[in-house]
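Trainee: I should like to learn how to read a model of this kind. Could you take me through some of its features?

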2 protein chains.
Amino acid sequence: MAKVEFNIACSLCEHLKDSLFNGLSPEDLSRINNHKTCVQYKKGQNIFYEGTRPTGLYCMNAGKVKVFKNNVQGKEFIIYIAKPGDFLGYRALLSEEFYQATATVLEDAKICFIPKENFFEVLQKNPTFMKRVVKAVCHEMGVMEEKLAELAHKSVRERLAANLLMLKETYGMEGEGSSLIDLALSREDLASIVGTATETVIRLLSDFKSDGLIAFEGKKIRVLDARKLAKQADLIVA
Amino acid sequence: MAKVEFNIACSLCEHLKDSLFNGLSPEDLSRINNHKTCVQYKKGQNIFYEGTRPTGLYCMNAGKVKVFKNNVQGKEFIIYIAKPGDFLGYRALLSEEFYQATATVLEDAKICFIPKENFFEVLQKNPTFMKRVVKAVCHEMGVMEEKLAELAHKSVRERLAANLLMLKETYGMEGEGSSLIDLALSREDLASIVGTATETVIRLLSDFKSDGLIAFEGKKIRVLDARKLAKQADLIVA
DNA sequence: AATCAAAACTGACAAAAGTCATCTTTTTGT
DNA sequence: ACAAAAAGATGACTTTTGTCAGTTTTGATT
């Protein structure tokens, strides 16, 4: 599959307002804009690979990307799912290490690449931007601490419920008393998010469905009863 | 227990070389030094609490501190163990959030407190320092990603072995063909690091002891055969 | 429309790990 | 030095979850 280029000015990007680039001066933004390369990726294509050296920053314009690690037996663990407006691969770039994870397209995506020189240039000349990046990174770290504790002490059922709620928060399209998770995840991917076996996810999902907590719509999941799901996740006691 | 103050000039601190403050200009270092308050803590005392607002940065001069989260049932998960030279509580400070974890002294400690105004002042005036902090934070994030994947897909036995090796790397005092983990951890704390029940840790440790991988020395653990431990951790195949 | 492959699902079973109860040893405070 | 409390250890049992083997359904391709 050949890579297809496209181009959208950063200043006109509809996701600028959700991005860390929001608030950048016109000069800084055009410095980013003038050096970026934008590429369309198909589902299944890889953006970067574990073990390789970052050469710049990816910024999502459209689609969904999973960032995951493979263990020795080849099992995936999904660390993060990136959506439009998100940065991709900034951790390894900023820590000056190799990528520790692989990024693969879940839903056809448009992603811009900013060479590290230009990104670092803006970062260094602009303390406000730097501060915003630090704040975002540290917030992300807090999210991961939360996940760690969850993984350590919650059952698979609780974790699945919690992750469905989290996905609802991030990718939910609100309907009447219910919310569709706008993300076509395979059972296998969902298992890789929760940290369990595919079969276990399948069984638990059909439990949740029987109990009227969720419904299936094509490849997507609709959350029917977020409150009961939260109980399953042991997030609320009542 | 009353807090006992002490004072050591940052410039003379034996751990400066291991700290992120290393490389700061004499003016910046004295700005930190002039505003810090240094306190001696006894084992069991708390440095900060989950849910409270950070007012500054803690910098370890002596002792060991565990940073942990409590789950609903009151079970601890230890995120990090801080040693001399380490910063404490920087994540919540930099993300401008409440503390998401509690810090408690494991071994009698001396800890300096730097008010956030002064820390931020130095951070903002000194891009090199800022960059070093960002690099460290992003590196830490990588460590946590590693832990997440480990927690998701490894057995308790593998995780215990991996954590013993990790503790050996950080707190190990090398002897002849063996290494003493210089950290007096209770079985319960070790369980909170690995993310399992205390009884399970006790059983596995005595397995490892029977197999000659480790030995007990008072409250501490000596790693006798790191290679075999690494096999148990599934880190090496052979 | 037929064919193939991948994904989803189901059941049976085994292994891993948690829980609870109890006992022993060590540590701590008076 | 002693009592009380905490930590460590062990056994029995249950629950959870993973694995494996097989079937059904779905989706893509020719």
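Mentor: We shall discuss the relation of the copies, one strand and the surroundings of the DNA. This is a predicted model, in which local features need pLDDT of at least 70 and side-chain atom pairs count only at pLDDT 80 or more, while totals for chains, interfaces and linings use all residues. Residues are numbered from 1 along each chain as its sequence is written, chains are lettered from A and ligands numbered from 1 in the order in which they are written, and side-chain values use heavy atoms, with hydrogens and water left out.

Trainee: What rotation superposes chain A on chain B?

Mentor: Two copies of a chain are related by a rotation about an axis and a shift along it. Here the rotation is 180 degrees with 0.0 Å of shift along its axis, and the RMSD is 0.0 Å (least squares on the C-alpha atoms of residues with pLDDT of at least 70 in both copies). The two copies are therefore related as by a two-fold rotation axis. The same surface serves both, as 100% of the contact residues of chain A recur in chain B (contact: heavy atoms within 4.5 Å).

Trainee: Is strand E4 of chain B largely enclosed or open, and why?

Mentor: Buried means under 20% relative accessible area, exposed over 50%, and partly exposed in between, with a 1.4 Å probe and protein chains only. Strands (E, at least two residues) and helices (H or I, at least four) are DSSP runs, numbered from the N terminus. In E4(B), residues 56-70, 13 of the 15 residues are buried, so the strand is largely enclosed by the rest of the structure.

Trainee: Which strands pair with E4(B)?

Mentor: Strands pair if DSSP finds at least two bridges between them. E4(B) runs antiparallel to E7(B), residues 102-115, over 11 bridges; B:Cys59 has B:Cys112 as its bridge partner there. Two bridges join E4(B) to antiparallel E6(B), residues 87-88, where the partner of B:Cys59 is B:Phe87. Six more antiparallel bridges link E4(B) with E5(B), residues 76-82, and five residues separate these two strands in a hairpin whose turn includes B:Gly74, with a positive phi of about 90 degrees.

Trainee: How many residues surround DNA strand C?

Mentor: A residue is near a strand if one of its heavy atoms lies within 4 Å of it. DNA strand C is surrounded by 14 residues, the closest including A:Arg187 and B:Thr196. Sugar and phosphate make up 60% of the DNA atoms that come within 4 Å of the protein. A polar contact is a pair of N or O atoms within 3.5 Å; within protein, one must be able to donate a hydrogen and the other to accept it, and residues adjacent in sequence count only if both atoms are side-chain atoms. A polar side-chain atom of A:Arg203 is 2.9 Å from a base nitrogen of DNA strand C, whereas a polar backbone atom of B:Val156 is 2.6 Å from a phosphate oxygen.
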